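Colleague: I am new to this entry. Could you take me through it?

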Amino acid sequence: MLLPRFSYHQPASVAEALEVLGQHGDQAAIIAGGTDLLVNMKHGKLAPRHLVGLEGIDGLEEIGADNGSLVVGPRLTASALAASGELSGAAQALALGAASLGSPQVRNRATVGGNVCTARPAADMCVPLLVLGAKALLAGPDGPRELPLDEFFLGPGQTAKKPGELLTGLSLPRPAEGSGAGYEKLGLRKALEIALVNVAAAIWLEPDGKTIKQAKVALGAVAPVPMLSPGAEAALTGQTAGEEAFAQAAEAAATDAKPISDHRGSAQYRREVVQVLTRRALGQAWQAALGQ
Amino acid sequence: MDKMRIVLTVNGQDHELLAAPNRTLAQTLREDLELTGTKQGCEVGDCGSCTVLMDGEPVNSCLVLAVQASGKAITTIEGVAEGNQLHPVQDAMVEHGAVQCGFCTPGMVLSAVSLLDKVPDPGDGEIRQALSGNLCRCTGYQKIVEAVQDAASKMERS
Ligand SMILES: Cc1cc2nc3c(=O)[nH]c(=O)nc-3n(C[C@H](O)[C@H](O)[C@H](O)COP(=O)(O)OP(=O)(O)OC[C@H]3O[C@@H](n4cnc5c(N)ncnc54)[C@H](O)[C@@H]3O)c2cc1C
Ligand code: FES
Ligand code: FES
(Lines give C-alpha, C1' and ligand atoms only; values in the text may rest on other atoms or scores of the structure.)
(Ligands and ions follow the chains in the order given, each with its own letter.)
Protein backbone atom coordinates (compact mmCIF):
# COMPACT_ATOMS: atom_id res chain seq x y z
CA MET A 1 0.00 0.00 0.00
CA LEU A 2 1.71 3.16 -1.19
CA LEU A 3 1.12 6.64 0.07
CA PRO A 4 0.15 9.29 -2.47
CA ARG A 5 2.75 11.96 -3.14
CA PHE A 6 2.97 15.05 -0.96
CA SER A 7 5.41 17.67 0.23
CA TYR A 8 6.40 17.68 3.88
CA HIS A 9 6.65 20.85 5.95
CA GLN A 10 8.23 21.17 9.38
CA PRO A 11 7.32 24.60 10.75
CA ALA A 12 9.26 25.73 13.83
CA SER A 13 6.44 27.69 15.45
CA VAL A 14 2.66 27.84 15.60
CA ALA A 15 2.75 31.08 13.57
CA GLU A 16 4.80 29.39 10.85
CA ALA A 17 2.44 26.42 10.84
CA LEU A 18 -0.56 28.72 10.37
CA GLU A 19 1.22 30.41 7.51
CA VAL A 20 1.87 27.12 5.70
CA LEU A 21 -1.71 26.01 6.33
CA GLY A 22 -2.98 29.34 5.01
CA GLN A 23 -0.86 29.09 1.88
CA HIS A 24 -2.09 25.65 0.90
CA GLY A 25 -5.71 25.78 2.09
CA ASP A 26 -7.56 22.51 1.68
CA GLN A 27 -4.52 20.93 0.00
CA ALA A 28 -2.78 20.82 3.39
CA ALA A 29 -3.23 18.46 6.36
CA ILE A 30 -1.63 18.50 9.78
CA ILE A 31 0.12 15.29 10.79
CA ALA A 32 0.87 14.34 14.39
CA GLY A 33 1.30 10.60 15.02
CA GLY A 34 -0.19 9.74 11.63
CA THR A 35 -2.10 6.71 12.95
CA ASP A 36 -5.36 8.03 11.52
CA LEU A 37 -4.15 10.22 8.71
CA LEU A 38 -1.68 7.78 7.10
CA VAL A 39 -4.22 4.94 7.28
CA ASN A 40 -6.80 7.12 5.51
CA MET A 41 -4.21 8.13 2.91
CA LYS A 42 -3.18 4.51 2.30
CA HIS A 43 -6.83 3.56 1.84
CA GLY A 44 -7.14 6.35 -0.73
CA LYS A 45 -9.69 8.30 1.32
CA LEU A 46 -7.48 11.39 1.56
CA ALA A 47 -4.73 12.74 -0.64
CA PRO A 48 -3.44 16.04 0.76
CA ARG A 49 -0.65 17.56 -1.34
CA HIS A 50 1.05 19.06 1.71
CA LEU A 51 1.60 17.53 5.13
CA VAL A 52 2.46 19.81 8.01
CA GLY A 53 4.38 18.00 10.77
CA LEU A 54 4.21 19.46 14.27
CA GLU A 55 7.43 17.90 15.64
CA GLY A 56 9.47 21.08 15.10
CA ILE A 57 7.24 23.20 17.34
CA ASP A 58 8.34 23.45 20.97
CA GLY A 59 5.91 23.22 23.86
CA LEU A 60 3.20 21.06 22.27
CA GLU A 61 4.36 17.95 24.09
CA GLU A 62 3.98 18.87 27.73
CA ILE A 63 1.38 19.35 30.44
CA GLY A 64 1.50 22.96 31.57
CA ALA A 65 -0.32 24.86 34.32
CA ASP A 66 -2.26 28.04 33.64
CA ASN A 67 -4.39 29.87 36.28
CA GLY A 68 -5.95 26.89 37.97
CA SER A 69 -6.10 24.78 34.85
CA LEU A 70 -3.91 22.15 33.25
CA VAL A 71 -3.07 22.55 29.59
CA VAL A 72 -2.45 19.22 27.89
CA GLY A 73 -0.20 19.54 24.82
CA PRO A 74 -1.78 18.11 21.66
CA ARG A 75 1.32 16.12 20.69
CA LEU A 76 1.40 14.10 23.92
CA THR A 77 1.05 10.45 23.01
CA ALA A 78 -1.37 8.00 24.56
CA SER A 79 1.65 6.25 26.15
CA ALA A 80 2.91 9.47 27.72
CA LEU A 81 -0.56 10.33 29.06
CA ALA A 82 -1.16 6.81 30.38
CA ALA A 83 2.05 7.11 32.43
CA SER A 84 1.71 10.78 33.42
CA GLY A 85 1.97 11.57 37.13
CA GLU A 86 0.28 14.93 36.60
CA LEU A 87 -3.12 13.48 35.77
CA SER A 88 -4.37 12.82 39.30
CA GLY A 89 -7.89 12.80 40.74
CA ALA A 90 -10.61 13.20 38.12
CA ALA A 91 -7.96 13.95 35.46
CA GLN A 92 -6.90 10.31 35.76
CA ALA A 93 -9.82 9.63 33.38
CA LEU A 94 -7.63 10.77 30.49
CA ALA A 95 -4.78 8.49 31.54
CA LEU A 96 -7.16 5.52 31.80
CA GLY A 97 -8.65 6.17 28.37
CA ALA A 98 -5.22 6.63 26.83
CA ALA A 99 -4.06 3.32 28.31
CA SER A 100 -6.85 1.41 26.59
CA LEU A 101 -6.29 2.79 23.09
CA GLY A 102 -5.09 0.46 20.33
CA SER A 103 -1.88 -1.42 21.04
CA PRO A 104 1.49 -0.48 22.59
CA GLN A 105 2.86 0.39 19.14
CA VAL A 106 -0.14 2.59 18.31
CA ARG A 107 -0.09 4.26 21.76
CA ASN A 108 3.53 5.24 21.23
CA ARG A 109 2.50 7.30 18.19
CA ALA A 110 -1.17 8.23 18.68
CA THR A 111 -1.52 11.75 20.07
CA VAL A 112 -4.35 13.27 22.05
CA GLY A 113 -4.62 16.11 19.51
CA GLY A 114 -5.07 13.60 16.70
CA ASN A 115 -7.66 11.69 18.72
CA VAL A 116 -9.68 14.84 19.34
CA CYS A 117 -9.43 16.16 15.75
CA THR A 118 -10.38 12.77 14.29
CA ALA A 119 -13.52 12.91 16.46
CA ARG A 120 -14.59 9.31 16.30
CA PRO A 121 -17.70 8.56 18.38
CA ALA A 122 -15.75 5.88 20.31
CA ALA A 123 -12.43 7.74 20.62
CA ASP A 124 -10.69 6.57 23.79
CA MET A 125 -9.29 9.95 24.79
CA CYS A 126 -12.32 12.06 23.79
CA VAL A 127 -14.81 10.35 26.11
CA PRO A 128 -12.64 10.99 29.22
CA LEU A 129 -11.93 14.58 28.16
CA LEU A 130 -15.69 15.26 28.15
CA VAL A 131 -16.14 14.34 31.83
CA LEU A 132 -13.27 16.69 32.64
CA GLY A 133 -15.01 19.63 30.99
CA ALA A 134 -12.06 20.04 28.63
CA LYS A 135 -11.82 22.99 26.27
CA ALA A 136 -10.13 22.90 22.88
CA LEU A 137 -7.58 25.69 22.50
CA LEU A 138 -7.33 26.67 18.85
CA ALA A 139 -4.98 28.97 16.97
CA GLY A 140 -6.01 30.29 13.58
CA PRO A 141 -5.59 33.11 11.12
CA ASP A 142 -8.10 35.17 13.11
CA GLY A 143 -6.31 34.63 16.43
CA PRO A 144 -6.76 32.12 19.23
CA ARG A 145 -10.10 30.87 20.51
CA GLU A 146 -11.42 28.34 23.02
CA LEU A 147 -14.29 25.95 22.57
CA PRO A 148 -15.80 23.52 25.12
CA LEU A 149 -15.21 20.04 23.78
CA ASP A 150 -18.92 19.14 23.71
CA GLU A 151 -19.38 21.98 21.21
CA PHE A 152 -16.25 20.97 19.30
CA PHE A 153 -17.55 17.55 18.19
CA LEU A 154 -20.14 17.90 15.43
CA GLY A 155 -20.42 14.40 13.96
CA PRO A 156 -18.33 11.34 13.11
CA GLY A 157 -15.04 12.81 11.89
CA GLN A 158 -16.47 16.33 12.00
CA THR A 159 -15.43 19.11 14.33
CA ALA A 160 -15.89 22.85 14.73
CA LYS A 161 -12.19 23.33 13.89
CA LYS A 162 -11.98 25.49 10.79
CA PRO A 163 -9.57 24.56 8.02
CA GLY A 164 -6.37 26.42 8.71
CA GLU A 165 -6.80 26.16 12.48
CA LEU A 166 -4.41 24.29 14.73
CA LEU A 167 -5.28 22.64 18.04
CA THR A 168 -2.65 23.98 20.43
CA GLY A 169 -3.88 22.40 23.66
CA LEU A 170 -6.68 20.99 25.76
CA SER A 171 -7.41 22.83 28.94
CA LEU A 172 -8.77 21.01 32.01
CA PRO A 173 -9.54 22.22 35.50
CA ARG A 174 -6.64 21.42 37.83
CA PRO A 175 -7.25 18.11 39.69
CA ALA A 176 -9.17 18.67 42.95
CA GLU A 177 -8.83 16.80 46.25
CA GLY A 178 -11.52 14.18 46.77
CA SER A 179 -12.04 13.55 43.07
CA GLY A 180 -11.59 10.35 41.13
CA ALA A 181 -12.18 8.80 37.73
CA GLY A 182 -13.24 5.53 36.19
CA TYR A 183 -13.07 4.22 32.63
CA GLU A 184 -14.66 1.14 31.11
CA LYS A 185 -14.36 -0.10 27.54
CA LEU A 186 -16.05 -3.10 26.05
CA GLY A 187 -14.74 -4.39 22.75
CA LEU A 188 -14.87 -7.75 21.04
CA ARG A 189 -11.23 -8.25 22.02
CA LYS A 190 -9.00 -6.56 24.57
CA ALA A 191 -6.39 -4.89 22.37
CA LEU A 192 -6.49 -3.24 18.96
CA GLU A 193 -10.19 -2.67 19.15
CA ILE A 194 -12.51 0.27 18.74
CA ALA A 195 -15.02 0.18 21.60
CA LEU A 196 -18.49 -1.30 21.27
CA VAL A 197 -19.29 1.01 24.15
CA ASN A 198 -16.93 3.03 26.33
CA VAL A 199 -17.82 5.02 29.43
CA ALA A 200 -15.84 7.54 31.44
CA ALA A 201 -16.94 8.77 34.87
CA ALA A 202 -15.61 11.38 37.26
CA ILE A 203 -16.79 12.12 40.80
CA TRP A 204 -16.01 15.10 43.02
CA LEU A 205 -16.91 14.43 46.67
CA GLU A 206 -17.85 16.94 49.40
CA PRO A 207 -15.38 17.11 52.32
CA ASP A 208 -17.64 14.63 54.23
CA GLY A 209 -16.34 11.98 51.79
CA LYS A 210 -19.89 10.72 51.08
CA THR A 211 -21.93 13.36 49.34
CA ILE A 212 -21.44 13.83 45.62
CA LYS A 213 -20.64 17.46 44.92
CA GLN A 214 -20.50 16.86 41.20
CA ALA A 215 -20.28 13.88 38.88
CA LYS A 216 -20.08 13.48 35.14
CA VAL A 217 -20.56 10.50 32.87
CA ALA A 218 -19.58 10.44 29.18
CA LEU A 219 -20.49 7.76 26.67
CA GLY A 220 -18.72 6.60 23.51
CA ALA A 221 -20.02 4.72 20.46
CA VAL A 222 -23.67 5.36 21.29
CA ALA A 223 -24.21 8.58 19.32
CA PRO A 224 -22.64 10.31 16.29
CA VAL A 225 -20.26 12.07 18.71
CA PRO A 226 -18.80 11.21 22.11
CA MET A 227 -21.49 12.54 24.47
CA LEU A 228 -22.09 13.62 28.06
CA SER A 229 -25.08 12.15 29.88
CA PRO A 230 -26.99 15.04 31.50
CA GLY A 231 -29.38 12.52 33.08
CA ALA A 232 -26.59 10.74 34.93
CA GLU A 233 -25.17 14.01 36.18
CA ALA A 234 -28.58 15.12 37.51
CA ALA A 235 -29.16 11.73 39.16
CA LEU A 236 -25.85 11.98 41.05
CA THR A 237 -25.45 15.60 42.12
CA GLY A 238 -26.08 16.02 45.86
CA GLN A 239 -26.72 12.29 46.40
CA THR A 240 -24.88 9.96 48.74
CA ALA A 241 -22.29 8.02 46.76
CA GLY A 242 -23.02 4.30 46.55
CA GLU A 243 -24.66 1.46 44.61
CA GLU A 244 -28.14 2.97 44.72
CA ALA A 245 -27.18 6.36 43.28
CA PHE A 246 -24.93 4.67 40.70
CA ALA A 247 -27.72 2.35 39.55
CA GLN A 248 -30.05 5.30 39.01
CA ALA A 249 -27.38 7.21 37.12
CA ALA A 250 -26.72 4.13 34.98
CA GLU A 251 -30.39 3.95 34.04
CA ALA A 252 -30.39 7.63 33.16
CA ALA A 253 -27.25 7.17 31.03
CA ALA A 254 -28.90 4.32 29.11
CA THR A 255 -31.90 6.60 28.46
CA ASP A 256 -29.64 9.41 27.22
CA ALA A 257 -27.67 7.11 24.88
CA LYS A 258 -28.74 7.13 21.23
CA PRO A 259 -27.12 3.95 19.95
CA ILE A 260 -27.53 2.43 16.50
CA SER A 261 -27.14 -1.19 15.46
CA ASP A 262 -24.06 -2.09 13.44
CA HIS A 263 -21.66 -4.98 12.92
CA ARG A 264 -20.24 -4.50 16.43
CA GLY A 265 -23.56 -4.84 18.23
CA SER A 266 -27.26 -4.00 18.29
CA ALA A 267 -28.71 -0.79 19.72
CA GLN A 268 -30.55 -2.71 22.42
CA TYR A 269 -27.39 -4.53 23.50
CA ARG A 270 -25.43 -1.27 23.55
CA ARG A 271 -28.03 0.33 25.84
CA GLU A 272 -27.69 -2.59 28.27
CA VAL A 273 -23.91 -2.31 28.11
CA VAL A 274 -24.09 1.44 28.83
CA GLN A 275 -25.90 0.63 32.10
CA VAL A 276 -23.40 -1.98 33.21
CA LEU A 277 -20.32 0.03 32.26
CA THR A 278 -21.69 3.24 33.81
CA ARG A 279 -22.25 1.46 37.12
CA ARG A 280 -18.74 0.01 37.03
CA ALA A 281 -17.05 3.25 35.98
CA LEU A 282 -18.82 5.16 38.76
CA GLY A 283 -17.79 2.55 41.31
CA GLN A 284 -14.21 2.83 40.13
CA ALA A 285 -14.35 6.67 40.27
CA TRP A 286 -15.76 6.55 43.79
CA GLN A 287 -13.02 4.25 45.07
CA ALA A 288 -10.43 6.47 43.44
CA ALA A 289 -11.96 9.62 44.97
CA LEU A 290 -11.75 7.97 48.40
CA GLY A 291 -8.09 7.32 47.71
CA GLN A 292 -8.50 3.53 47.58
CA MET B 1 7.53 16.58 -3.73
CA ASP B 2 11.14 17.32 -2.89
CA LYS B 3 13.20 14.62 -1.32
CA MET B 4 14.46 15.42 2.14
CA ARG B 5 17.81 14.78 3.73
CA ILE B 6 17.37 12.58 6.80
CA VAL B 7 19.65 10.84 9.26
CA LEU B 8 18.60 7.51 10.69
CA THR B 9 20.63 5.79 13.36
CA VAL B 10 19.85 2.16 12.68
CA ASN B 11 21.24 -0.48 15.03
CA GLY B 12 23.85 2.01 16.18
CA GLN B 13 25.00 3.06 12.73
CA ASP B 14 24.22 6.47 11.19
CA HIS B 15 22.77 6.55 7.69
CA GLU B 16 22.35 9.77 5.78
CA LEU B 17 19.65 9.36 3.17
CA LEU B 18 17.54 11.30 0.72
CA ALA B 19 13.96 10.29 1.40
CA ALA B 20 10.79 11.07 -0.50
CA PRO B 21 8.26 12.37 2.05
CA ASN B 22 5.78 9.61 1.19
CA ARG B 23 8.19 6.78 2.10
CA THR B 24 7.46 5.00 5.32
CA LEU B 25 10.15 3.96 7.76
CA ALA B 26 9.33 0.32 6.91
CA GLN B 27 9.96 0.91 3.19
CA THR B 28 13.17 2.78 3.89
CA LEU B 29 14.53 0.05 6.14
CA ARG B 30 13.59 -2.77 3.78
CA GLU B 31 14.27 -1.21 0.40
CA ASP B 32 16.94 1.45 0.92
CA LEU B 33 18.90 -0.14 3.76
CA GLU B 34 18.07 -3.71 2.68
CA LEU B 35 17.16 -4.69 6.22
CA THR B 36 14.40 -7.09 5.25
CA GLY B 37 14.03 -8.61 8.71
CA THR B 38 11.32 -6.02 9.32
CA LYS B 39 8.18 -7.52 7.78
CA GLN B 40 5.13 -5.83 6.33
CA GLY B 41 1.74 -7.48 6.70
CA CYS B 42 -1.31 -5.25 6.93
CA GLU B 43 0.55 -1.95 6.40
CA VAL B 44 -2.06 -0.07 8.48
CA GLY B 45 -1.06 -0.64 12.09
CA ASP B 46 -3.12 -3.73 12.86
CA CYS B 47 -0.63 -6.62 12.83
CA GLY B 48 2.67 -5.44 14.34
CA SER B 49 4.86 -7.41 11.94
CA CYS B 50 6.67 -4.16 11.02
CA THR B 51 7.49 -3.35 14.67
CA VAL B 52 10.83 -1.65 15.25
CA LEU B 53 12.07 0.24 18.30
CA MET B 54 12.28 4.01 17.94
CA ASP B 55 14.29 5.52 20.80
CA GLY B 56 13.64 2.23 22.60
CA GLU B 57 9.87 2.19 22.17
CA PRO B 58 8.00 -0.18 19.83
CA VAL B 59 6.25 1.49 16.90
CA ASN B 60 4.64 0.24 13.70
CA SER B 61 7.16 1.31 11.06
CA CYS B 62 4.45 1.12 8.37
CA LEU B 63 2.79 4.15 10.00
CA VAL B 64 5.88 6.28 10.56
CA LEU B 65 7.16 8.46 7.74
CA ALA B 66 10.92 8.16 7.19
CA VAL B 67 11.13 11.95 7.52
CA GLN B 68 9.45 11.72 10.94
CA ALA B 69 12.06 9.18 12.09
CA SER B 70 14.98 11.44 11.18
CA GLY B 71 17.31 11.91 14.14
CA LYS B 72 15.91 8.91 16.00
CA ALA B 73 17.63 5.72 17.05
CA ILE B 74 16.02 2.74 15.37
CA THR B 75 16.51 -0.88 16.40
CA THR B 76 15.47 -3.53 13.91
CA ILE B 77 15.58 -7.30 14.35
CA GLU B 78 19.03 -7.30 12.68
CA GLY B 79 20.34 -5.29 15.64
CA VAL B 80 19.11 -7.57 18.41
CA ALA B 81 21.68 -10.38 18.31
CA GLU B 82 25.33 -9.66 19.06
CA GLY B 83 27.22 -11.21 16.18
CA ASN B 84 26.32 -14.87 16.24
CA GLN B 85 25.16 -14.66 19.84
CA LEU B 86 21.35 -14.62 19.82
CA HIS B 87 19.54 -12.40 22.31
CA PRO B 88 18.07 -14.47 25.20
CA VAL B 89 14.57 -13.73 23.84
CA GLN B 90 15.55 -15.15 20.44
CA ASP B 91 17.17 -18.20 22.07
CA ALA B 92 14.09 -18.85 24.15
CA MET B 93 11.78 -18.48 21.12
CA VAL B 94 13.76 -21.20 19.33
CA GLU B 95 13.87 -23.45 22.38
CA HIS B 96 10.15 -23.16 23.09
CA GLY B 97 9.02 -23.72 19.51
CA ALA B 98 7.56 -20.22 19.52
CA VAL B 99 8.41 -19.71 15.84
CA GLN B 100 6.35 -21.39 13.13
CA CYS B 101 6.09 -19.53 9.83
CA GLY B 102 8.19 -16.76 11.40
CA PHE B 103 6.42 -13.81 9.85
CA CYS B 104 5.42 -12.29 13.19
CA THR B 105 8.68 -13.20 14.91
CA PRO B 106 10.85 -10.10 14.30
CA GLY B 107 8.13 -7.79 15.61
CA MET B 108 7.32 -10.14 18.47
CA VAL B 109 10.99 -10.27 19.52
CA LEU B 110 11.34 -6.48 19.46
CA SER B 111 8.21 -5.95 21.55
CA ALA B 112 9.52 -8.51 24.05
CA VAL B 113 13.03 -7.01 24.12
CA SER B 114 11.58 -3.55 24.78
CA LEU B 115 9.42 -4.95 27.62
CA LEU B 116 12.34 -6.73 29.29
CA ASP B 117 14.49 -3.60 29.05
CA LYS B 118 11.92 -1.82 31.22
CA VAL B 119 10.41 -4.64 33.28
CA PRO B 120 13.00 -7.36 33.98
CA ASP B 121 10.54 -9.66 35.74
CA PRO B 122 7.15 -9.26 34.03
CA GLY B 123 4.07 -11.27 34.96
CA ASP B 124 1.99 -13.22 32.46
CA GLY B 125 -0.44 -10.30 32.11
CA GLU B 126 2.32 -7.79 31.45
CA ILE B 127 3.83 -10.00 28.75
CA ARG B 128 0.48 -10.49 27.02
CA GLN B 129 -0.18 -6.76 27.22
CA ALA B 130 3.23 -5.92 25.75
CA LEU B 131 2.68 -8.35 22.87
CA SER B 132 -0.93 -7.31 22.27
CA GLY B 133 -0.01 -5.30 19.18
CA ASN B 134 1.69 -8.28 17.53
CA LEU B 135 -0.59 -10.77 15.83
CA CYS B 136 0.51 -14.37 15.30
CA ARG B 137 -1.59 -16.59 13.06
CA CYS B 138 0.35 -19.80 13.81
CA THR B 139 1.41 -20.46 17.37
CA GLY B 140 -1.60 -19.56 19.50
CA TYR B 141 0.68 -17.26 21.55
CA GLN B 142 1.15 -19.63 24.51
CA LYS B 143 4.63 -20.72 23.47
CA ILE B 144 5.66 -17.15 22.78
CA VAL B 145 4.56 -16.03 26.25
CA GLU B 146 6.44 -18.98 27.80
CA ALA B 147 9.55 -18.10 25.81
CA VAL B 148 9.48 -14.51 27.06
CA GLN B 149 9.02 -15.69 30.66
CA ASP B 150 11.94 -18.06 30.27
CA ALA B 151 14.13 -15.36 28.71
CA ALA B 152 13.26 -13.01 31.58
CA SER B 153 14.31 -15.50 34.23
CA LYS B 154 17.53 -16.38 32.37
CA MET B 155 18.41 -12.70 31.95
CA GLU B 156 17.75 -12.05 35.65
CA ARG B 157 20.09 -14.88 36.63
CA SER B 158 22.92 -13.80 34.36
C1 LIG C 1 -4.25 -0.12 14.57
C2 LIG C 1 -4.95 1.07 15.11
C3 LIG C 1 -5.72 0.96 16.27
C4 LIG C 1 -6.38 2.08 16.80
N5 LIG C 1 -7.12 1.92 17.93
C6 LIG C 1 -7.76 2.98 18.47
C7 LIG C 1 -8.51 2.84 19.68
O8 LIG C 1 -8.57 1.76 20.29
N9 LIG C 1 -9.12 3.94 20.18
C10 LIG C 1 -9.07 5.15 19.57
O11 LIG C 1 -9.64 6.10 20.08
N12 LIG C 1 -8.38 5.31 18.41
C13 LIG C 1 -7.72 4.26 17.85
N14 LIG C 1 -7.02 4.41 16.69
C15 LIG C 1 -7.04 5.70 15.99
C16 LIG C 1 -5.85 6.64 16.26
O17 LIG C 1 -4.73 5.93 16.73
C18 LIG C 1 -6.18 7.72 17.29
O19 LIG C 1 -7.32 8.45 16.90
C20 LIG C 1 -5.01 8.68 17.52
O21 LIG C 1 -5.18 9.36 18.73
C22 LIG C 1 -4.79 9.68 16.39
O23 LIG C 1 -3.68 10.48 16.74
P24 LIG C 1 -2.50 10.75 15.69
O25 LIG C 1 -1.53 11.63 16.38
O26 LIG C 1 -1.97 9.49 15.15
O27 LIG C 1 -3.31 11.56 14.58
P28 LIG C 1 -2.95 11.88 13.06
O29 LIG C 1 -3.26 10.69 12.23
O30 LIG C 1 -1.62 12.49 12.95
O31 LIG C 1 -4.06 13.00 12.81
C32 LIG C 1 -5.43 12.70 12.89
C33 LIG C 1 -6.24 13.91 12.42
O34 LIG C 1 -6.11 14.98 13.33
C35 LIG C 1 -5.55 16.13 12.72
N36 LIG C 1 -4.64 16.71 13.70
C37 LIG C 1 -3.71 16.05 14.45
N38 LIG C 1 -3.14 16.89 15.34
C39 LIG C 1 -3.71 18.11 15.14
C40 LIG C 1 -3.54 19.40 15.75
N41 LIG C 1 -2.69 19.59 16.77
N42 LIG C 1 -4.29 20.43 15.30
C43 LIG C 1 -5.18 20.23 14.30
N44 LIG C 1 -5.38 19.05 13.69
C45 LIG C 1 -4.67 18.00 14.11
C46 LIG C 1 -4.89 15.62 11.46
O47 LIG C 1 -4.86 16.60 10.46
C48 LIG C 1 -5.79 14.47 11.08
O49 LIG C 1 -6.92 14.92 10.40
C50 LIG C 1 -6.31 3.32 16.14
C51 LIG C 1 -5.51 3.45 14.99
C52 LIG C 1 -4.84 2.34 14.48
C53 LIG C 1 -3.99 2.49 13.25
S1 FES D 1 2.51 -3.99 8.63
FE2 FES D 1 2.69 -2.43 10.09
S3 FES D 1 1.27 -3.07 11.56
FE4 FES D 1 0.89 -4.49 10.01
S1 FES E 1 4.72 -17.81 13.58
FE2 FES E 1 3.46 -17.53 11.85
S3 FES E 1 2.49 -15.66 12.34
FE4 FES E 1 3.51 -16.10 14.16
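Modeller: The questions below go from the ligand site to the core and then to single residues, and the model is a predicted one.

Colleague: Which chains surround ligand 1?

Modeller: The shell around ligand 1 has 37 residues, and Ile30(A), Gly33(A), Thr35(A), Asp36(A) and Thr111(A) are the closest. The closest residues listed carry the chain letter A, but the surrounding residues come from two chains, so the site is shared between chains A and B.

Colleague: Which element supplies the largest share of the shell around ligand 1?

Modeller: In chain A, strand E2 (28-31), helix H2 (37-42), helix H6 (112-118) and strand E10 (166-173) each give at least two residues to the shell around ligand 1. The largest share is five residues, and the element that supplies it is H6(A).

Colleague: By class, how many residues of the shell around ligand 1 are nonpolar?

Modeller: The shell around ligand 1 includes eight charged residues and ten polar ones. The nonpolar residues in this shell number 19.

Colleague: What distance separates a polar side-chain atom of Asp36(A) from an oxygen atom of ligand 1?

Modeller: Ligand 1 has polar partners in the backbone of chain A: an oxygen atom of the ligand is 2.9 Å from a polar backbone atom of Gly102(A), and a nitrogen atom of the ligand is 2.9 Å from a polar backbone atom of Leu167(A). For Asp36(A), a side-chain atom is involved, and its distance from a ligand oxygen is 2.6 Å.

Colleague: How much of the accessible area of ligand 1 does the protein cover?

Modeller: On its own, ligand 1 has 990 Å² of accessible area. The share of that area covered by the protein is 93%.

Colleague: Which helix gives the largest share of the largest nonpolar core?

Modeller: The largest nonpolar core has 44 residues, and those that touch the most other members are Leu81(A), Leu94(A), Val112(A), Val116(A), Leu129(A), Leu149(A) and Phe153(A). Domain 2 (63-172) and domain 3 (179-289) of chain A each contribute at least three residues to this core. Its largest share is five residues, from residues 126-131 of chain A, which form helix H7.

Colleague: Is Ala20(B) buried or exposed?

Modeller: Ala20(B) sits in the loop between strand E2 (13-19) and helix H1 (25-32) of chain B. Its C-alpha is 4.4 Å from that of Lys3(B), with the two positions 17 residues apart in sequence numbering. The relative accessibility of Ala20(B) is 10%, and the cut-off is under 20%, so Ala20(B) counts as buried.

Colleague: What is the phi of Glu43(B)?

Modeller: Glu43(B) belongs to the loop between H1 and strand E3 (51-54) of chain B. With 17% relative accessibility, this residue counts as buried. Glu43(B) is not a glycine, yet its phi is positive, at about 65°.

Colleague: Is Tyr141(B) buried, partly exposed or exposed?

Modeller: Tyr141(B) lies in the loop between helix H4 (124-130) and helix H5 (142-157) of chain B. Its phi is also positive in a residue other than glycine, near 75°. At a relative accessible area of 24%, Tyr141(B) is partly exposed.

Colleague: How far apart are the C-alpha atoms of Asn67(A) and Pro173(A)?

Modeller: Asn67(A) is in the loop between strand E4 (63-66) and strand E5 (69-72) of chain A. Asn67(A) has a relative accessible area of 77% and is exposed. Along the chain, Asn67(A) and Pro173(A) are 106 residues apart, while their C-alpha separation is 9.3 Å.

How values were computed. Residues are numbered from 1 along each chain as its sequence is written. Chains are lettered from A and ligands numbered from 1 in the order in which they are written. This is a predicted model: local features need pLDDT of at least 70, side-chain atom pairs count only at pLDDT 80 or more; totals for chains, interfaces and linings use all residues. Side-chain values use heavy atoms; hydrogens and water are left out. A residue is near a molecule or strand if one of its heavy atoms lies within 4 Å of it. A polar contact is a pair of N or O atoms within 3.5 Å; within protein, one must be able to donate a hydrogen and the other to accept it, and residues adjacent in sequence count only if both atoms are side-chain atoms. Accessible areas come from the Shrake-Rupley method with a 1.4 Å probe; for residues, only the protein chains shown count as cover. Helices (H or I, at least four residues) and strands (E, at least two) are DSSP runs, numbered from the N terminus. Ala, Val, Leu, Ile, Met, Phe, Trp, Tyr, Cys and Pro count as nonpolar, Asp, Glu, Lys and Arg as charged, and the others, Gly among them, as polar. A nonpolar core is a set of buried Ala, Val, Leu, Ile, Met, Phe, Trp, Tyr and Cys residues joined through side-chain atoms within 4.5 Å. Buried means under 20% relative accessible area, exposed over 50%, partly exposed in between (1.4 Å probe, protein chains only). Domain bounds come from an automatic or database domain assignment.
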